[in-house]
Amino acid sequence: MTTSPEYLKQVKSLLTISLTALESSLLPQDAQELFHYIEHTEYGIAWETLWRIVKDNHLPVPPELLEVGKLIGHDTTQD
């Protein structure tokens with residue numbers, strides 16, 4: 001996985017867009033925790049947590065969440 005500034009900026013942006021799109025469907029404490037992960041560059045944890053919430057609650061998957069998952073090397077074809 002690359003760690004160039006452009007790559008990290010793209011990952012952060014895609015995660016933030018995904019979280020913002022889903023925020024109204026999340027518990028406030030979950031959204032706050034996820035924003036905290038993103039702010040502290042814990043992108044893998046943020047993605048895995050958001051992915052699990054989306055899958056467990058049968059929420060629509062934002063295309064940005066799929067894109068960032070592929071970027072950081074997660075299998076987005078599995079539940």
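Beyond its neighbours within four places in sequence, Ser-18 is in contact with Leu-50, Pro-62, Glu-64 and Leu-65 in this predicted model. The residue sits in helix 1, which runs over residues 5-22. Its relative accessible area is 0%, so Ser-18 counts as buried, the cut-off being under 20%. One of its contact partners also engages the serine through polar atoms: a polar atom of the Ser-18 side chain lies 3.0 Å from the backbone nitrogen of Leu-65.

Helix 2 offers a good place to look next. It covers residues 28-39, and its 12 residues should span 16 Å at 1.5 Å a residue; the end C-alpha atoms are indeed 16 Å apart, so expectation and model agree. Four residues of this helix, Ala-31, Leu-34, Tyr-37 and Ile-38, are buried. These buried residues cover an arc of only 120° around the axis and therefore lie on the same side of helix 2. Such a pattern is familiar from helix geometry: with 3.6 residues a turn, residues three or four places apart point the same way in an α-helix.

What does the buried side of helix 2 pack against? Its buried residues pack against helix 1 and against helix 3, the latter formed by residues 43-56. The face turned away from that buried side carries the exposed residues Pro-28, Gln-32 and Glu-39. Just after helix 2, the backbone at Thr-41 adopts a positive phi of about 55°.

Methods
Residues are numbered from 1 along each chain as its sequence is written. This is a predicted model: local features need pLDDT of at least 70, side-chain atom pairs count only at pLDDT 80 or more; totals for chains, interfaces and linings use all residues. Side-chain values use heavy atoms; hydrogens and water are left out. Helices (H or I, at least four residues) and strands (E, at least two) are DSSP runs, numbered from the N terminus. Buried means under 20% relative accessible area, exposed over 50%, partly exposed in between (1.4 Å probe, protein chains only). A polar contact is a pair of N or O atoms within 3.5 Å; within protein, one must be able to donate a hydrogen and the other to accept it, and residues adjacent in sequence count only if both atoms are side-chain atoms. Contact means heavy atoms within 4.5 Å. The expected span of a helix is 1.5 Å times one less than its number of residues. The arc is that of the directions from the helix axis to the C-beta atoms.
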